[in-house]
There are 2 protein chains.
Amino acid sequence: MYTIGQVSEMFNLPISTLRYYDKEGLFPNLERESGIRKFSDDEMEALRVIECLKESGLEIKDIKQFFEWVKAGSSTYEKRKELFELRKAAVEEEMKALEKTLDMLKFKCWYYEKAMADGNEDGINAMLPDKLPPEIQKLYDSAHK
Amino acid sequence: MYTIGQVSEMFNLPISTLRYYDKEGLFPNLERESGIRKFSDDEMEALRVIECLKESGLEIKDIKQFFEWVKAGSSTYEKRKELFELRKAAVEEEMKALEKTLDMLKFKCWYYEKAMADGNEDGINAMLPDKLPPEIQKLYDSAHK
DNA sequence: TATTGACCTGAAGTTAGGTTTAGGTATTAG
DNA sequence: CTAATACCTAAACCTAACTTCAGGTCAATA
């Protein structure tokens, strides 16, 4: 069993955030001892799931919904599975978007390296939009498709 | 040259968002014809950069800063390059975080598939935390490290 | 004894990134 | 002529996810 301060340290989350999560219903089974929250391993695992679902782009109210399904028992296995499948698809989409973003960033890094070497952007502009070095052209095309 | 409505369609962004970006100074060279915004290829490329930097996690006010550097000319090449290097590192970090998130999501998908097949979570709980099938154990460990 | 530190609450405040509203102009279609 | 479109502005509004504040309890320490 851990206090809110210990959990805050372990997860590197402000105490105020943990209390906020509790108020929003993300720890439906959280116990208290004379008013003081006692975080068990269940709440620790819940926090891992919260961080996962949050990172996947899910809103707090929908994370709460998930924990309500957990409380409801085995009749909600299917809903819960579907939720995770959907978040998985969303994260895979987001990673694709980030790949494209990364290509643009790499292109811009090359761009400014060359601009610094040349003292101006004229040489680069003469290569645009399709006479860039092959590796760079790939990045440029990926970022501009 | 494009009108705001055309740009809105092309980038799939609300007109109100384009006007908001303009108000925030993200199109420092945007021209107007009797009050009406005229978006040139420069603004189109600016928008691609805006979307890239936004996706990388940069705030609007810092994107504005970048366009001020562009306006300032070749003396800011280094700053601009550093900005893109930093955003590149940030996106690479974020992708790592998403990989871990994805591992947790895949684990949970497996978890609920098995729970549905078994009708309960007992079999799974007996395997936790280190007697899971090898592939699944990898996901679990990645998500719990 | 008193003060420090860790916990508690409800309510108000904050921030980013837009969106909506209310009112106006200018061009074109019927 | 008038009515529908597409544009414009300033200012108010909105939402999510926290954070801060003001005031209070309780246990251990100096």
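**DNA surfaces and chain contact in a predicted model**

The surface near DNA strand C divides into five nonpolar, five polar and four charged residues. Here Ala, Val, Leu, Ile, Met, Phe, Trp, Tyr, Cys and Pro count as nonpolar, Asp, Glu, Lys and Arg as charged, and the others, Gly among them, as polar. This is a predicted model, in which local features need pLDDT of at least 70 and side-chain atom pairs count only at pLDDT 80 or more, while totals for chains, interfaces and linings use all residues. Residues are numbered from 1 along each chain as its sequence is written, with chains lettered from A and ligands numbered from 1 in the order in which they are written.

**DNA strand C**
- Around strand C lie 14 residues (C-beta atom, placed from the backbone, within 6 Å of the strand), of which A:Thr3, A:Gly5, A:Arg37, B:Ser16 and B:Ile60 come nearest.
- Two or more residues each come from α1 (4-11) and β2 (36-38) of chain A and from α2 (15-23) of chain B; helices (H or I, at least four residues) and strands (E, at least two) are DSSP runs, numbered from the N terminus.
- The largest share, three residues, belongs to α2(B).

**DNA strand D**
- A:Ser16, A:Ile60, B:Thr3, B:Gly5 and B:Arg37 come nearest among the 14 residues around strand D.
- α2(A) gives the most to this surface, with three residues.
- By class, the surface near strand D has five nonpolar, five polar and four charged residues.

**Contact between chains A and B**
- Chain B and chain A supply 32 residues each, two residues being in contact if their C-beta atoms, placed from the backbone, lie within 7 Å.
- On the chain B side, α5(B) provides the largest share, 24 residues.
- That side comprises 14 nonpolar, six polar and twelve charged residues.
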